[in-house]
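Q: Could you walk me through this one slowly? I'd like to know how to read it before we get to the details.

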Amino acid sequence: MQKNIIELAQRVGQALQARQWMAATAESCTGGGVAYAITTISGSSAWFDRGFVTYTNEAKQQMLGVSAETLQAHGAVSEAVVKEMTAGALAHSQANIAVAISGVAGPTGGSDEKPVGTVWIAWQIAEGKASTKGYKFSGDREQVRLQAIREALLGLLSYSK
């Protein structure tokens, strides 16, 4: 894990602690990378409640309540799905804020519509509306995943201030 990502996770923790908030993550293509970065910080249990690694569509449905209809209509890598993932993470945790990530890290799995590097991230505060952003990252699988982790943490920091 890159040093700057760990430093960013530490800043997220400071912001969350200042608000007395807990965070939750719902990750697909990053495989728990955001949760890993956060839990690298000693004392993160004061501000990190839990992480959901929902790599398959079935896991997204079972663990987060993402609807089969949304997955069918939009695909797993979509704005609609990450919105439902954050809502599910908040509903199934004690968190005040959640982040969700779904994307195509590559090198396989891309399509014309959703090429490798396509990633959707959503952030949602409890009882609030989800905010989303779509990305087209470049690089290999590790680089795409690290960029997604970094952006997820930057969003958590921004929404925690």
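A: Let us begin with one term: a polar contact is a pair of N or O atoms within 3.5 Å, and within protein one of them must be able to donate a hydrogen and the other to accept it. With that in hand, we can say that the side chain of T70 makes such a contact with the side chain of S67, at 2.6 Å. Please keep in mind throughout that this is a predicted model.

Q: Which other side chain is joined to T70 by a polar contact?
A: That is E84, whose side chain is joined to the side chain of T70 by a polar contact of 2.5 Å.

Q: And where does T70 sit, and is it buried or exposed?
A: T70 belongs to helix α4, which covers residues 68-74. T70 has a relative accessible area of 10%, and because buried means under 20%, T70 counts as buried. If we set aside residues up to four places away in sequence, T70 touches G75, A80, V81 and E84.

Q: Okay, switching to the sheet: in what order do the strands come?
A: The sheet is open and has five strands in the order β2-β1-β3-β4-β5, with mixed pairing. The strands at its edges are β2 and β5, each of which pairs on one side only. On average, neighbouring strands of this sheet are turned by 15 degrees against each other, if direction is ignored.

Q: What does "pairing" mean chemically?
A: Strands of a sheet pair through backbone hydrogen bonds, and they do so either parallel or antiparallel.

Q: So which sense does β1 use with β2?
A: β1 and β2 (residues 48-53) pair in the parallel sense over five bridges. Along this pair, A23 stands opposite F48, the bridge partner of A26 is F52, and E27 stands opposite V53.

Q: What about the pairing of β1 with β3?
A: β1 and β3 (residues 97-103) also pair in the parallel sense, over five bridges, and here E27 stands opposite I101 in β3.

Q: Why would you call β1 largely enclosed?
A: Five of the five residues of β1 (residues 23-27) are buried, so the strand is largely enclosed by the rest of the structure. A23, T25 and E27 point one way from β1, while A24 and A26 point the other way, and all are buried.

Q: How does the chain get from β1 to β2, and what is the handedness?
A: Helix α2 (residues 33-39) joins β1 and β2 in making a β-α-β unit, and this unit is right-handed.

Q: What comes after β2, say at T54?
A: T54 is found in the loop between β2 and α3 (57-64), and at 0% relative accessibility T54 counts as buried. Leaving aside neighbours within four places in sequence, T54 is in contact with several residues, including E27, S28, M63 and M85.

Q: Now the helices. How do you check the span of α6?
A: At 1.5 Å a residue, the 20 residues of α6 (residues 141-160) should span 28 Å, and the end C-alpha atoms are 29 Å apart, which agrees. The N-terminal end of α6 is capped by D140, where a side-chain oxygen lies 3.2 Å from the backbone nitrogen of E142.

Q: Where does α6 lie, and what do its buried residues pack against?
A: α6 lies across β3, β4 and β5, running at about 20 degrees to β4. Its buried residues, among them V144, L153 and L157, pack against α1, α2, β3, β4 and β5.

Q: And does the span of α1 agree or disagree with what is expected?
A: It agrees: at 1.5 Å a residue, the 17 residues of α1 should span 24 Å, and the end C-alpha atoms are 25 Å apart.

Q: Which residues of α1 are buried?
A: They are I5, I6, L8, A9, V12, G13, A15 and L16. It helps to remember that an α-helix has 3.6 residues a turn, so residues three or four places apart point the same way. The buried residues of α1 pack against β1, α2, β3 and α6. Just after α1, Q20 takes a positive phi of about 60 degrees.

Technical notes:
Residues numbered from 1 in each chain as written. Predicted model: local features only at pLDDT ≥ 70, side-chain atom pairs only at ≥ 80, totals over all residues. Heavy atoms only, no water. Buried < 20%, exposed > 50% of the residue type's maximum accessible area, 1.4 Å probe, protein only. Helix = DSSP H or I, 4+ residues; strand = E, 2+ residues; numbered from the N terminus. Pairing = 2+ DSSP bridges. Right-handed = clockwise from strand over helix to strand, strands pointing away. Expected span 1.5 Å × (residues − 1). Contact = heavy atoms within 4.5 Å. Axes fitted to C-alpha atoms, helices over the stretch in contact; angles between N-to-C directions.
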